[in-house]
Amino acid sequence: MSAAPPLGVYVHWPYCARICPYCDFNVVRDRGRTAEQAALAEAIVADLQAHRAQTGPRRLVSIFLGGGTPSLMQPDWAGRIIQTARELWDADEALEVTLEANPTDAEADRFQAFADAGVNRLSLGLQSLDDQALAFLGRNHSAADAVRAAKAGATTFPRLSLDLIYALPGQTEAGWARELEAAVALGAEHLSPYQLTIEAGTPFDRAVRRGQWSPPDPDLGARLFETTQAVLGRQGFEAYEVSNHARGEGARSRHNLIYWRGHDYAGVGPGAHGRLTLDGERLATRTPDRAGDYLRQVGERGIGWSLGERLSPRQAAEERLLMGLRTDEGVELAQLTTLGLNADHPAVIDLVDAGLVRLAADRLAATASGRLVLDRITSQLALAETA
């Protein structure tokens, strides 16, 4: 096993067949962009090669093909990207290669080709198993499509994760519980239920501001969150992160753990973020959002980002706190000394007394109750030094 530091690779493929009304990701319509997409696949390979020159030897633990809808790309392009990353860095024996996909027949029919290309984990965006909810969410598949795709994914890939969205208008706790149970029955070992968030500038944001509909009140959202924990807990899923549940440690997303544990990851493709530790400094990278600008950047400079933001020790510690408290394992207090935090700090003591965080083995972690108010907890702790 290589002793080199772990590294993840995130590949952003920005094309979607349809842009959902709740989405604020960096996405564009897929139609009529064949030449651009072929050029983008080549640029991503070149960008990975440039990143290797920056990072030096690393232990590659995960590759995540996200977007957008990367299952719309040609499987042989995905295979070339995956193989390039494996050749550039020392691929871990348990290398996780995830592909995000939607449950349309056109995508599901190509699952085997992606598996042959090296994908071993499918992250399937079901979002709902109710046709009325899917129509509201602007999805281009039905509940029956979702079931077929999930079953195909479970038989094609070693690991399957399903995404669901809850806290929809008119949703009840009983209805959400039934939907979760139906999702579990599809054979996934990992579920990611996310509360619907109204992001600024999206069609949903405009509709809510016009009074066309209203999201559920926060109390119902909290009860639906608690329903999620109860139903999935009974089914043997561990809530190892605020919105991620796995049947056993082996089913956890290795790629997302890279983010939550503060490890390095290379971000390639239009609008991709990255975090790299170079010469002892933590660097936040971001590539141009537009595919044309990204292609030009890689062509002219060889790498997808032109100037990374050097995070101060305090910024890096705040980020580590924010990400780490999302997980059940929490954060080592030794990583928070820049913030002046320790087991005896008044802010930590107050949160422990309130039942929102817990201390164990020199680690600070949010409780189940604390995860409901995570933003307040992290703000309180991050500001503790200057309070």
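**Second largest pocket and helix H11**

By class, eight nonpolar, six polar and seven charged residues make up the lining of the second largest pocket. The model described here is predicted. This briefing covers that pocket and then helix H11, which spans residues 291-301.

**The second largest pocket**

- The volume of the second largest pocket is about 400 Å³.
- Its lining comprises 21 residues, of which Gly262, Arg282, Ala316, Glu319 and Arg320 are the closest to the centre of the pocket.
- Two or more lining residues are given by each of helix H10 (254-260), strand S11 (264-268), strand S12 (273-278), strand S13 (281-286) and helix H12 (313-324).
- Helix H12 provides the largest share of this lining, with six residues.

**Helix H11: buried side**

- Within H11, the buried residues include Ala291, Tyr294, Gln297 and Val298.
- These residues lie on the same side of H11 because they cover an arc of only 120 degrees around the axis.
- Strand S2 (15-16), helix H1 (34-55) and strand S11 are among the elements that cover the buried residues of H11.
- Strand S11 also gives two or more residues to the lining of the second largest pocket.

**Helix H11: opposite face and end**

- Gly299 and Glu300 are exposed, and they sit on the face of H11 turned away from its buried side.
- Gly302, located just after H11, takes a positive phi of about 90 degrees.

Key
Residues numbered from 1 in each chain as written. Predicted model: local features only at pLDDT ≥ 70, side-chain atom pairs only at ≥ 80, totals over all residues. Heavy atoms only, no water. 1 Å grid on protein atoms, 1.4 Å probe; cavity = no way out; pocket = protein on both sides within 12 Å on 5 of 7 lines; lining within 4 Å. Points joined across faces, edges and corners; volume = space filled by probe spheres on them. Helix = DSSP H or I, 4+ residues; strand = E, 2+ residues; numbered from the N terminus. Nonpolar A, V, L, I, M, F, W, Y, C, P; charged D, E, K, R; others polar. Buried < 20%, exposed > 50% of the residue type's maximum accessible area, 1.4 Å probe, protein only. Arc of directions from axis to C-beta. Contact = heavy atoms within 4.5 Å.
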